[in-house]
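Please open the structure beside this text and keep the sequence at hand. We will walk through it together, one region at a time.

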Amino acid sequence: PSIVPPKDLESFQEHLSKSTRILALLGAGLSASSGLPTFRGAGGLWRTHEATELATPEAFGRDPGLVWQFYSYRRHMALQAKPNPAHYALAELAKKKDGFMTLSQNVDGLSPRAGHPADKLKLLHGSLFDVKCSDFFCKYTESSNYTDPIVPALAIPTDDADPTTTEARKARDLDIADENVDLPEIDLRHLPQCPTCKHGLLRPGVVWFGEMLPTTVMNDIANWMEEDQKIDLIMVIGTSAKVYPAAGYVDLARAQGARVAVINMDKNDMPASGMYKGDWFFQGDAAQIVPEILK
Ligand code: BJW
Ligand code: ZN
């Protein structure tokens with residue numbers, strides 16, 4: 001059954017069909033239905049740690065073993081997860097519309113796996129499957145590394161459960177996120193090592209707090225958004241829209257004429273600048289709403 005008010009659906013779809021330049025800004029809520037946790041609120045805890053506190057250069061500097069176990073777990077979960085109907089609906093729209101661009105804060109690889117055209121998908125915060133050297137002066141990077149675990153020391157600790165049954169497999173997968181399960185101490189030498197400089201630790205190719213977003217990504221977006229060009233619509237999907245510069249694209253798009261459509265589970269999670277006349281707020285699970293409004 002539809003959970004979208006028919007009047008809103010009608011006016012949104014009419015605007016969408018007339019729109020020639022469209023942005024989609026994606027956040028963790030898009031992948032929530034695929035079983036991947038969000039950052040803030042419920043689910044934002046990993047063991048006893050706030051996810052946002054592990055996503056920092058300081059945390060990696062202090063305890064690279066802990067941070068790698070967090071990311072190794074997330075790589076594993078993302079590889080097990082499947083794109084949901086919203087990922088597919090966005091990928092289809094991107095293929096159909098010329099003036100379309102997706103700005104994704106997600107690092108889980110689900111949009112690419114749903115077939116989203118790569119030239120219309122900008123990964124603002126990198127990818128769990130990119131890896132780079134943590135030495136500032138070393139330029140080593142690697143993309144599309146799907147090895148799970150990335151090194152043997154990061155294998156999820158096995159318990160006594162029988163690994164041949166699905167239930168046991170599930171229990172095993174979730175083990176390391178449970179704070180009651182002991183986290184193994186990992187010797188630094190057993191963490192991923194840089195093959196180029198031979199002394200740096202490798203780190204996930206994601207953007208942590210205080211770090212710059214990839215320059216090429218920022219430039220591509222700036223070019224697409226060139227000031228004098230009109231933007232008709234920005235869809236803000238499953239994001240708390242609190243992290244900058246990502247959240248700032250809503251206002252930049254608005255300044256170029258865009259109407260804003262928010263798709264979020266929580267009616268309080270709207271862009272910082274609030275809602276304007278002519279905007280839409282579709283409340284609910286993105287995996288259900290996005291395919292419905294893009295139909
Ligand atoms: C559902 C749902 C369902 C749930 N259906 N919906 C200007 C002002 C103030 C501060 C700053 C500023 N400019 C820069 C800053 C500092 C900082 C920042 O923004 N801080 C704010 C928190 C205030 N920004 C940075 O540091 C950025 N870098 C930078 O600015 O560099 C320049 C610079 C350098 C040096 C000095 C100064 C400037 C980098 C930001 C990098 C963010 N990185 C992370 C981790 C990525 C790696 C990883 O995945 O581990 O990115 S943090 C985390 O937040 C992750 C996310 O992409 C990002 C956004 O989170 P998201 O996706 O919105 O998730 P949630 O959990 O917040 O929200 C989920 C939403 O879904 C909720 O609304 C739910 O209701 C909803 N939902 N289920 C629909 N089924
Ligand atoms: Zn290196």
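Helices here are DSSP runs of H or I with at least four residues, strands are runs of E with at least two, and both are numbered from the N terminus. Keep in mind as you look around that this is a predicted model.

Let us begin with the overall layout. The domain assignment divides the protein into domain 1 (1-36 + 84-125 + 213-295) and domain 2 (37-80 + 128-206). Their C-alpha centres lie 29 Å apart. Where the two meet, 9 residues of domain 1 are in contact with 9 residues of domain 2. On the domain 1 side of this meeting place, the residues by class are 4 nonpolar, 4 polar and 1 charged.

Now turn to ligand 1. How many residues surround ligand 1? The shell has 33 residues, and the closest are G27, G29, T38, Q105 and Y244. By class, the shell divides into 15 nonpolar, 12 polar and 6 charged residues. Both domains take part, since domain 1 and domain 2 each give at least three residues to this shell.

Q105 leads us on to another site, as this residue is touched by H125. The unreviewed UniProt entry annotates H125 as "active site". You will find H125 in the loop between strand 5 (121-123) and strand 6 (126-133). Is H125 buried or exposed? H125 counts as buried because it has 21 C-beta neighbours inside 10 Å, and the threshold for that class is 20 or more. Besides Q105, H125 touches V107, V206 and V207, if residues up to four places away in sequence are left out.

Follow the chain into strand 6, and you come to C133. The unreviewed UniProt entry places a "binding site" feature at C133, C138, C194 and C197. These four are spread over 65 residues of sequence, yet they cluster in space, with a largest C-alpha distance of 9.0 Å. C133 is buried, because 22 C-beta neighbours lie inside 10 Å. Apart from residues up to four places away in sequence, C133 touches C138, Y140, C194, T196, C197, G200 and L202. C138 sits in the loop between strand 6 and strand 7. With 16 C-beta neighbours inside 10 Å, C138 counts as partly exposed. Setting aside neighbours within four places in sequence, C138 is in contact with C133, C194, T196, C197 and G200.

Next, look inside the protein. In soluble globular proteins, nonpolar side chains tend to be buried together. Here the largest nonpolar core has 40 residues, and those with the most contacts inside it are L23, L25, I234, V236, I237, A261 and I263. Several elements each supply at least two residues of this core, among them strand 1 (22-26), strand 9 (233-237), strand 10 (259-264) and helix 9 (248-255). The largest share, 6 residues, comes from helix 5. For a closer view, centre on L23: beyond its neighbours within four places in sequence, L23 is in contact with M101, L103, I231, I234, Y249 and A253. A second, separate core has 15 residues, including W68, Y71, L154 and I176.

Finally, some backbone details deserve a look. Most residues other than glycine have a negative phi, and most peptide bonds are trans. Where are the cis peptide bonds to look at? One joins D148 and P149, with omega about 0°, and P149 lies in the loop between strand 7 (141-142) and helix 7 (166-174). Another runs from Y244 to P245, with omega near 5°. P245 is found in the loop between strand 9 and helix 9. Y244 was also listed among the closest residues to ligand 1.

The loop that holds P245 is also home to A241. A241 is not a glycine, but its phi is positive, about 50°. A241 is buried because 22 other C-beta atoms lie within 10 Å. K198 has a positive phi as well, near 65°. K198 lies in the loop between helix 7 and strand 8 (202-206). Here the surroundings are sparser in count: K198 is exposed, with 8 other C-beta atoms within 10 Å, and a residue with 12 or fewer falls in that class.

Key
Residues are numbered from 1 along each chain as its sequence is written. Chains are lettered from A and ligands numbered from 1 in the order in which they are written. This is a predicted model: local features need pLDDT of at least 70, side-chain atom pairs count only at pLDDT 80 or more; totals for chains, interfaces and linings use all residues. UniProt positions are given in the numbering used here, feature names are shortened, and annotations may be inferred rather than shown by experiment. Two residues are in contact if their C-beta atoms, placed from the backbone, lie within 7 Å. A residue is near a molecule or strand if its C-beta atom, placed from the backbone, lies within 6 Å of it. Ala, Val, Leu, Ile, Met, Phe, Trp, Tyr, Cys and Pro count as nonpolar, Asp, Glu, Lys and Arg as charged, and the others, Gly among them, as polar. Domain bounds come from an automatic or database domain assignment. A nonpolar core is a set of buried Ala, Val, Leu, Ile, Met, Phe, Trp, Tyr and Cys residues joined through C-beta atoms within 7 Å.
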